[in-house]
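Ready for a few exercises on reading a fold? Have your viewer open and try each task before you read its solution.

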Amino acid sequence: MTGDSTTNGVCEEYPDATHVRVTFYPQVWVDDRAVTSTDTETYLVSLEKALTDDGELLVDDTDASDRLAWVEEAPDRARNWDGPFYVTLDEIVTSPDSEREDERGNRDEKTQQDST
């Protein structure tokens with residue numbers, strides 16, 4: 001990412017964005033065709049890794065977006081997949097830490113409700 005890219009594209013449109021939610025779609029061979037499995041993996045990637053040099057989001061199902069399967073944030077299954085696959089960028093995330101806290105709070109509320 002170039003020094004100017006932070007003033008262009010996604011960073012300008014979503015100044016509080018920190019991550020992008022991506023989905024890894026493994027494919028399996030069926031009758032000599034790559035067929036997409038329904039057993040996908042979704043994970044967060046830092047925004048910087050999901051941008052072009054111009055500050056725009058990578059395009060889904062391209063060599064550039066497929067590289068997100070090998071970043072450190074990717075699950076082991078994606079990083080080690082030896083068959084065909086593709087990756088999509090699903091959502092811009094502004095605060096993954098507070099999102100996790102919200103999910104934890106919702107689980108805690110449900111647990112408390114279930115126990116009463």
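Three exercises with worked solutions follow.

The model is predicted: local features need pLDDT of at least 70, side-chain atom pairs count only at pLDDT 80 or more, and totals for chains, interfaces and linings use all residues. Residues are numbered from 1 along each chain as its sequence is written, and side-chain values use heavy atoms, with hydrogens and water left out.

**Exercise 1. Fold and core**

Work out the order of the elements in the protein chain, then find which residues touch the most other members of the largest nonpolar core.

*Solution.*
- Step 1: Helices (H or I, at least four residues) and strands (E, at least two) are DSSP runs, numbered from the N terminus. The protein chain has four helices and four strands, in the order α-β-β-β-α-α-β-α.
- Step 2: Of the 116 residues in the protein chain, 31% are buried; buried means under 20% relative accessible area, exposed over 50%, and partly exposed in between (1.4 Å probe, protein chains only).
- Step 3: A nonpolar core joins buried Ala, Val, Leu, Ile, Met, Phe, Trp, Tyr and Cys residues through side-chain atoms within 4.5 Å. The largest one has 21 residues, and Val22 and Leu68 touch the most other members. Helix 1 (9-13), strand 1 (19-30), strand 3 and strand 4 (85-93) each give two or more residues to this core. Strand 4 gives the most, with four residues.

**Exercise 2. Links across the chain**

Locate the partner of arginine 21 and the partner of lysine 49 in their salt bridges.

*Solution.*
- Step 1: A salt bridge needs a side-chain nitrogen of Lys or Arg within 4 Å of a carboxyl oxygen of Asp or Glu. The structure holds six.
- Step 2: Arginine 21 pairs with glutamate 91, with the closest N and O atoms 2.9 Å apart. This pair links strand 1 to strand 4, across 70 residues. Glutamate 91 is partly exposed, at 40% relative accessible area.
- Step 3: Lysine 49 meets glutamate 73 at 2.9 Å, N to O. Lysine 49 sits in the loop between strand 3 and helix 2, and glutamate 73 in the loop between helix 2 and helix 3 (76-80), 24 residues apart.

**Exercise 3. A bridge within one helix**

Which residue forms a salt bridge with aspartate 76, and where do the two lie?

*Solution.*
- Step 1: The partner is arginine 79, with the closest N and O atoms 2.4 Å apart.
- Step 2: Both lie in helix 3, three residues apart, about one turn of the helix.
- Step 3: Aspartate 76 is partly exposed, because its relative accessible area is 49%. Arginine 79 also counts as partly exposed, at 30%.
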